[in-house]
Amino acid sequence: MTTHEKPEEKGDLSRRDFLGLLAKGAACAGAVAAAGSAIGAVKAVSGKRAFQQNEQQFVEAVNNPPKVPGYNWNDHQWAMGIDTTRCIGCLRCMEACKMENSVQMDANHYRTWVERYVYLEGSNTALVDSQSDPKNIENAGSETKFRFDNRYKGMKVDKAFFVAKLCNQCEHPSCVQVCPTGATFKAKDGVVLIDTTYCIGCQYCIQACPYGARSFNESRGTAEKCNWCYHRITKGLNPACVEVCPTGSRIFGDRNDPNSPISQFIRNNHVQVLKPEMGNAPNVFYKGTDKEVV
Amino acid sequence: MEHVFEHVTPYVGYVYPNETDFAWSQLIVIYPYITGLVAGAFVVSSLHHVFHIKSFAPISRFALLTALCFMIFAPSPLLFHLGQPTRAFNALITPHWSSAMAAFGYVAGFYVCLLLLETWFAFRADIVAMSKTRTGIMGTVYRVLTLGSDDVSPRSLEIDHRIARILAMIGIPSACGLHGYVGFVFGSLKTREWWSSDLMPVIFLLSAVASGVGLLIVLYVIVSKFRKTPIVDETMRGLLYVLFTGITIVMVIEGLELLEIFYKAREGVEMVRELIEGPIWAGMAIQWAMSIFVLVVTSALLVFDVHGERLVKWLFLCGLSIMIGVLAMRWNVVIGGQELSKTMKGLLTFYPEIFGRESLFVVGVISICPYAMLWLVTKLLPPWGEDREPANSTLKVDKMA
């Protein structure tokens, strides 16, 4: 496992500190530099940028999951909202997710990502790209410097917006339907989880997900996807991406609580879901999407 | 993984970032291909055992062994592909029945058992005979293979025949089920426009039969040349009828499927057109060129009532062509389906690895294994006995055609 490195201190503390800094917006530039060189730092064993779990910590977390005594999954119905009118495409959510969940630090494994839609003047269709576009990576100089390039500079743009994507934690998840072992399942609180000790790595779920939300971790031999930072939400915290979003374009909460941010978001806005024709009934609700959004 | 970005599947347009890591590689191409060969070989074997079509008697037992050897290796591409192959039995121990894939272990296991049983009954008389004549290690092997039953009285052989026939009868729906099921694994995924089709199981099944017949033609001709034995004209004619029927229906249904996609012209149909013109054009060209070649040649062989050496030569070419064509078709389905992005706004181009766990090298090795095993098994159980079919229960296949 090359993308994980030895931590210099307790992983939890450093992660929380790191996210706290991001939330305050105080150290964004520093964090970008830190994340940006994460792959380069793989070779160094100094453990200076120890935001991600190393392999031992992962194994420990899988074999001995933390107990959350006060949590009852029957009491919650988690949901997320994405206000595309507020997203500025800073991609701090992507970075926070990669760090928080030890996602592979390359350009083809993501638990969340942001798409940029641009209508040029006179065009009826949008040009779409995400951070993993080779041009963006070339411009940033690294797969882990999360930023968009400035390719539309000097062009006449009619309309442009960003759309954040992540696992939709569907009511009728295709991935759960096709899993041959039941390693992926829907929890009572609405989150679709993966038992990485039981997954056989057939990747049928990756094929079945209409939203491209699943990826395959080659070194672990199992499927991966967003679980809304289940380790955080069960402790009453927000998912990392929600926590770091500087504009509040990601809204998270419990639909069982009528006053939760998500309940208010759904009540006060006209919301849509992605690809409703698939019949998956997603639990991520979008405000301000567009016909071009895929 | 330092330079992982270089391994990303190149693409045009917009694809979801996770799609650039290609999930199902060429191993998943040969999995339906190998099971398809099984289905075809088994159907030919059954045409003799069940329907007593005399033309297939000379190759019926050989077809059975072919089906067995290929079936034993059918799951191996899947095992090489799994991220956690040691957990493969999880799907058998705790199958999640809403998954099409959960049934694979049961379907494949049942089918292997059926083939083993049928082979044993079909070869029992020979095994008993050899256990009495052979000495040394091979004598012991044959004695073990008799499973303690060395009764070769006419009544006992009659029972053998009847059981083998019943097993073959069960085997026909099983072979169809096995391959229709493989088509369902792909066709039931609503996510991918290129796969999501009700016709997929039928296409898989019929192309499977066609490719299996092609394999038998090729093997029969090659083996006969090596053994310097005459190639039975009636058998070749029988194989010609089956191949002609198979290729005709397959081409019609595949044509209908393409027509439906373009006639319905749902969102993203331009991308489907670009997929056919772009990443899989070579595969589509091979598939259709081979299919048309086989259709034209088999039609001509029927129209001009060709027999003898010319029939052997042309049918051999048809057999090879259909095997290549169906392999190309599997590639177009499995790889093509993933090359068409779920966004319907982009296309990926898959480049196979040469060496590694999921590489062309492994595909080559797995593809050779069934042939090697078949060679060994025919040494152990020679299938080329004289035509042992009673003459009164035959059915003239050319009169049916």
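**Exercise 1. State which strands helix H11 of chain A lies across, and describe the sheet that these strands form.**

*Solution.* Helix H11 of chain A, residues 261-268, lies across S1, S9 and S10 of chain A, and its direction makes an angle of about 115 degrees with S9(A). This is a predicted model.

Step 1. The strands are arranged in the order S9-S1-S10 (chain A), an open sheet of 3 strands with mixed pairing.

Step 2. Strand S9 (250-254) and strand S10 (284-287) of chain A are the edge strands, each pairing on one side only. On average, neighbouring strands of this sheet are turned by 20 degrees against each other, direction ignored.

Step 3. Strand S1 of chain A, residues 78-83, pairs with S10(A) in the parallel sense over 4 bridges. Within the chain A model, Met80(A) stands opposite Val284(A) in S10(A).

**Exercise 2. Determine how reliable the model of chain A is, and which residues have pLDDT under 50.**

*Solution.* Step 1. Chain A has a mean pLDDT of 85, and 83% of its residues reach 70 or more.

Step 2. Over residues 1-49 of chain A, pLDDT stays under 50. The model nevertheless has 82 contacts beyond four places in sequence for this stretch.

Step 3. Where pLDDT is low, the predicted coordinates should not be read in detail. The contacts of residues 1-49 are therefore to be set aside in a detailed reading.

**Exercise 3. Summarise the overall composition, burial and surface of chain A.**

*Solution.* Step 1. Chain A contains 11 helices and 10 strands.

Step 2. Of its 294 residues, 59% count as buried. The accessible surface of chain A comes to about 12200 Å², and 52% of that surface belongs to carbon and sulfur atoms.

Step 3. Among contacts between residues at least 6 apart in the sequence of chain A, 67% join residues at least 24 apart.

**Exercise 4. Identify the strands that pair with S2(A), and state the sense of each pairing.**

*Solution.* Step 1. S2(A) and S4(A) run antiparallel and are joined by 9 bridges. In this pairing, Tyr119(A) stands opposite Lys159(A) in S4(A).

Step 2. S2(A) also runs antiparallel to strand S3 of chain A, residues 127-130, with 4 bridges between them. Here Val118(A) stands opposite Leu127(A) in S3(A).

Step 3. S2(A) and S3(A) form a hairpin with 6 residues between them. Gly122(A), in the turn, has a positive phi of about 85 degrees.

Step 4. Because 8 of the 9 residues of S2(A) are buried, this strand is largely enclosed by the rest of the structure.

**Exercise 5. Describe the environment of Thr112(A), and give its polar contacts.**

*Solution.* Step 1. Thr112(A) belongs to strand S2 of chain A, which covers residues 112-120.

Step 2. The cut-off for a buried residue is a relative accessible area under 20%. Thr112(A) has a relative accessibility of 3% and therefore counts as buried.

Step 3. A polar atom of the Thr112(A) side chain lies 2.6 Å from the backbone oxygen of Lys165(A). The side chains of Thr112(A) and Arg250(A) are joined by a polar contact of 2.7 Å.

Step 4. Neighbours within four places in sequence left aside, Thr112(A) is in contact with Cys93(A), Met94(A), Cys97(A), Lys165(A), Leu166(A) and Arg250(A). Of these partners, Cys93(A), Met94(A) and Cys97(A) appear among the buried residues of H5(A).

Step 5. Helix H5 of chain A, residues 92-100, has 9 of its 9 residues buried, so it is largely enclosed by the rest of the structure.

**Exercise 6. Locate Leu91(A), Ser102(A) and Gln169(A), and give the phi of each residue.**

*Solution.* Step 1. Most residues other than glycine have a negative phi.

Step 2. Leu91(A), although not a glycine, has a positive phi of about 65 degrees. Leu91(A) lies in the loop between S1 and H5 of chain A, and at 1% relative accessibility it counts as buried.

Step 3. Ser102(A) follows H5(A) and has a positive phi, near 50 degrees.

Step 4. Gln169(A), likewise not a glycine, has a positive phi near 40 degrees. Gln169(A) is found in the loop between strand S4 (157-166) and helix H7 (174-178) of chain A. With a relative accessible area of 0%, Gln169(A) is buried.

Note on methods:
Residues numbered from 1 in each chain as written. Chains lettered and ligands numbered in written order. Predicted model: local features only at pLDDT ≥ 70, side-chain atom pairs only at ≥ 80, totals over all residues. Heavy atoms only, no water. Helix = DSSP H or I, 4+ residues; strand = E, 2+ residues; numbered from the N terminus. Buried < 20%, exposed > 50% of the residue type's maximum accessible area, 1.4 Å probe, protein only. Contact = heavy atoms within 4.5 Å. Areas by Shrake-Rupley, 256 points an atom, 1.4 Å probe, with all protein chains shown as cover. pLDDT = per-residue confidence, 0-100. Polar contact = N/O pair within 3.5 Å; in protein donor to acceptor, adjacent residues only side chain to side chain. Pairing = 2+ DSSP bridges. Axes fitted to C-alpha atoms, helices over the stretch in contact; angles between N-to-C directions.
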